[in-house]
Amino acid sequence: MPRPTAAQLAYGSCTVIFSTLAMLLLSQTSSGPGIAVIALSALALGLLVAMTVPVPKKPAAPVAAPVAARQRVAESVPVASGSER
């Protein structure tokens with residue numbers, strides 16, 4: 001399993017913190033089981049957000065042009081001779 005990127009950690013952590021605060025303020029619960037349910041649901045939501053953040057792809061290796069294409073480019077470039085000055 002690949003390591004999480006900095007963006008995944010940041011988005012997941014912010015989601016956990018803000019969703020926990022929002023759910024606690026909106027539900028106005030003060031019981032232990034209610035707080036536990038809210039904390040677990042915030043952790044699940046944070047994990048979901050962290051896993052759905054797109055992971056940057058590695059840049060593709062440059063592909064060499066076919067030999068025929070390089071020859072056409074070389075033939076189309078005008079060459080200046082030294083006597084045209």
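This passage goes through the fold, the confidence and a few residues of helix 1 in a predicted model.

The chain has three helices and zero strands (DSSP runs, H or I of at least four residues for helices and E of at least two for strands, numbered from the N terminus), and along the sequence the pattern reads α-α-α. Residues are numbered from 1 along each chain as its sequence is written, and side-chain values use heavy atoms, with hydrogens and water left out. Local features need pLDDT of at least 70 and side-chain atom pairs count only at 80 or more, while totals for chains, interfaces and linings use all residues.

Mean pLDDT (the predictor's confidence in each residue, from 0 to 100) is 81 for the chain, with 68% of residues at 70 or more. Confidence peaks in helix 2 (residues 32–52) at a mean of 93 and bottoms out in helix 3 (residues 67–76) at 64.

As for the surface, about 7200 Å² of the chain is accessible (Shrake-Rupley method, 1.4 Å probe; for residues, only the protein chains shown count as cover), and carbon and sulfur atoms account for 71% of that. Of the 85 residues, 13% are buried (under 20% relative accessible area, against over 50% for exposed and in between for partly exposed; 1.4 Å probe, protein chains only).

Helix 1 (residues 6–27) holds F18, and S19 sits in helix 1 too. F18 counts as exposed because its relative accessibility is 57%. S19, at 12%, therefore counts as buried. Leaving aside residues up to four places away in sequence, S19 touches A42 and L45 (heavy atoms within 4.5 Å).
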